[in-house]
Amino acid sequence: MVIKKLGIILTGMLMLIGYVSSAQSYAESALLFSQSQSGGSSRIQAIGGAQIALGGDYSSVLSNPAGLGMYNRSELTFTPGYAGYSTTANFLGNSTKESSSKLNIPGLSFVLHLPRENNDFYGGAFGVSMTRTNDFNGSFSYSGVNDATSIVDHFLETANGDTPDQFDTYQFNTPTGLAYDTYLIGPLSILDPDLPDDEYFTDAPIESLQTENMTSEGTTYQWSFSYGGNYKDILFFGGGLGLSTLRYESQKFFSEDYVDFDTLRSILLEENLEIRGSGINATFGVIVRPVSFLQIGLSFVSPTYYQITETYDARLDAHWNDYDYDDGSQLINLNDEYALTDIVTSEYTMTTPLKLSAGMAFISKHGFISADIEMMNPAKAKYSSETDASFYRSQNDVIQNSFKKVYNYRIGGEFRHNIWRIRGGYSVMGNPYAQDDYDYKNVSISGGAGLRFEKFYIDLAIVSKKVDSNYSPYTLSDNSQPVVKLQNKTLTSMITLGFTF
């Protein structure tokens with residue numbers, strides 16, 4: 001009984017090894033939660049997120065607190081938004097498109113101006129903001145006939161080296177354990193007592209129509225509390241504390257319908273994953289205005305330390321074709337077999353990498369042009385747990401080997417005429433994968449407009465984001481697993497309503 005309970009704990013760490021979906025391996029989860037979109041007001045979103053050297057916007061509370069030193073009055077803002085998601089999946093010559101939409105609140109804020117003119121110190125401002133920093137909503141599906149590999153090949157590889165007794169301990173709550181319980185795999189010793197019992201065979205065919213449907217939802221929000229000061233309108237400085245909340249949920253259905261089903265007609269694997277966490281970080285920044293038309297900014301965001309709780313469960317259905325299976329001691333007539341995991345709960349910590357950003361803004365009475373560069377190294381993300389430190393050290397090694405340092409670029413501008421503002425922007429996120437042949441592209445194009453009144457302003461932004469990436473439903477040691485080409489598009493519109501006083 002003690003061994004079985006220990007197995008439940010261990011499988012909470014082992015259950016997702018070998019899966020390469022957006023949040024179903026520890027390495028990919030680390031990347032997903034380390035990356036963040038450029039958050040902030042509609043004004044900042046419309047200029048591509050290039051905000052490090054700007055200031056005077058509530059977005060500074062999150063990105064560079066030094067920008068709060070440019071405030072000369074207080075304000076309250078509210079930003080509702082609407083996002084449309086579409087994903088095109090290309091698999092073995094077939095193309096499938098999924099779409100969805102969702103209302104959201106990208107941000108809200110309160111900035112309190114604290115004037116003080118004491119010699120060369122001109123006071124500053126304190127700001128509080130809630131900002132959506134990541135969006136996990138989306139879905140995709142694909143289908144195609146694969147005559148080269150099967151997910152059962154993956155089960156065979158992950159089972160090899162384990163005896164049948166081990167499926168009653170740490171393997172029983174994994175998809176491979178479910179494959180064993182539904183007779184998709186069995187030890188070679190069943191075929192011949194002289195053969196090893198830690199190597200496996202299958203009676204399942206290979207060629208099948210592979211189909212998968214996956215949906216995910218969730219967000220990361222950060223509450224930021226920052227202060228920015230002003231020295232002679234030349235040097236602006238600030239710092240802040242961030243409290244993050246993380247929610248990610250996914251559900252996927254993967255099936256194989258066999259072309260030749262003398263033994264097995266089809267299998268269906270259902271997996272459910274939920275990740276929730278809370279984290280803390282700190283941000284520090286400076287902006288220098290050496291001349292009236294030029295501002296240079298620098299921002300440092302510390303690693304975010306997350307406490308995470310994860311739950312997982314799975315079900316595997318194997319629809320045999322009235323097949324007599326010899327388990328070594330008796331014949332078992334197989335038809336509709338199924339197996340379930342427990343609901344497995346795991347608790348661990350994750351530390352995302354630091355971010356260092358630099359920006360430059362050229363400003364005139366007719367508007368401005370702003371550009372940023374951000375450096376992040378997802379290979380520095382780390383897991384830890386009091387339950388199994390050695391396992392998480394091995395996952396950290398996988399992370400270090402999978403990813404590399406990236407540079408993200410943002411540029412945008414604003415044209416001003418009387419009370420009108422017209423804006424546009426462009427941003428590119430670098431390829432974080434260490435393998436140069438991994439297809440990845442993340443580009444955003446944005447635009448917007450605004451109106452400025454004495455006590456009120458309104459800004460509109462539209463952001464079109466496209467991400468190209470690869471996905472595999474399972475992995476194989478010789479890299480012969482199927483690859484799905486995904487193109488994710490997100491069209492986000494938002495309005496910021498601001499009240500100044």
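This is a friendly dialogue on how to read some features of a predicted model.

Trainee: Let's start with helices. Which residues of helix α2 are buried?

Mentor: A general idea helps before we look. An α-helix has 3.6 residues a turn, so residues three or four places apart point the same way. Now turn to α2, which covers residues 26-34. Its buried residues are Y26, A27, E28, S29, A30, L31, L32, F33 and S34. That is nine of nine, so the helix is largely enclosed by the rest of the structure.

Trainee: Now strands. How many bridges join β1 to β2, and in which sense do these strands run?

Mentor: Strand β2 spans residues 94-118, and 16 bridges join β1 to β2 in an antiparallel arrangement. To find one contact, look at A89, whose bridge partner in β2 is T96. The two strands form a hairpin with two residues between them, and there L92 takes a positive phi near 50°.

Trainee: Which other strand pairs with β1?

Mentor: Strand β1 (residues 75-91) also pairs with β21 (residues 484-500), in the antiparallel sense and over 14 bridges. Here you can pick out Y82, which stands opposite S493 in β21.

Trainee: Where else can I practise on a hairpin?

Mentor: Try β9 and β10, a hairpin with two residues between the strands. Seven bridges join β9 (residues 264-291) to β10 (residues 294-301), and the two run antiparallel. One place to look is I287, opposite G297 in β10. Then follow β10 to β14 (residues 355-364): eight bridges join this antiparallel pair. F300 has L356 as its bridge partner in β14.

Trainee: On to charges. How many salt bridges does the count come to?

Mentor: Side chains of opposite charge can pair when their charged atoms come close. In this model the count comes to 17 salt bridges. One of them is between the side chains of E212 and K252, at 3.7 Å from N to O. This pair links distant parts of the chain, with E212 in β7 (residues 208-231) and K252 in β8 (residues 235-258), 40 residues apart.

Trainee: Are E212 and K252 buried or exposed?

Mentor: To answer that, compare each relative accessible area with the cut-off: buried means under 20%. E212 is buried, at 0%. K252 has 3% relative accessibility, so K252 counts as buried too.

Trainee: Which residues are linked in a network of salt bridges?

Mentor: The network links R43, D57, E414, R416, R421, R423, R452 and D459. Let's begin at E414, which is buried at 6% relative accessibility. E414 forms a salt bridge with R416, where the closest N and O atoms are 2.8 Å apart. E414 also forms a salt bridge with R421, and there the closest N and O atoms are 3.9 Å apart. As for the two arginines, R416 counts as partly exposed at 25%, while R421 counts as buried at 14%.

Trainee: And on the surface, which residues gather in a patch of negative charge?

Mentor: Look for D147, E207, D260 and D262, which gather in that patch. Take D147 as your example: this residue lies in the loop between β4 (138-146) and α5 (151-159). To read its accessibility, remember that exposed means over 50%. D147 has a relative accessible area of 59%, so D147 is exposed.

Terms used. Residues are numbered from 1 along each chain as its sequence is written. This is a predicted model: local features need pLDDT of at least 70, side-chain atom pairs count only at pLDDT 80 or more; totals for chains, interfaces and linings use all residues. Side-chain values use heavy atoms; hydrogens and water are left out. Buried means under 20% relative accessible area, exposed over 50%, partly exposed in between (1.4 Å probe, protein chains only). Helices (H or I, at least four residues) and strands (E, at least two) are DSSP runs, numbered from the N terminus. Patches are made of residues with over 30% relative accessible area and no salt bridge: like charges are joined within 9 Å, nonpolar side chains (Val, Leu, Ile, Met, Phe, Trp, Tyr) within 5 Å. Accessible areas come from the Shrake-Rupley method with a 1.4 Å probe; for residues, only the protein chains shown count as cover. A salt bridge is a side-chain nitrogen of Lys or Arg within 4 Å of a carboxyl oxygen of Asp or Glu. Lys and Arg count as positive and Asp and Glu as negative; His and the chain ends are not counted. The place of a charge is taken as NZ of Lys, CZ of Arg, CG of Asp or CD of Glu. Two strands pair if DSSP finds at least two bridges between them.
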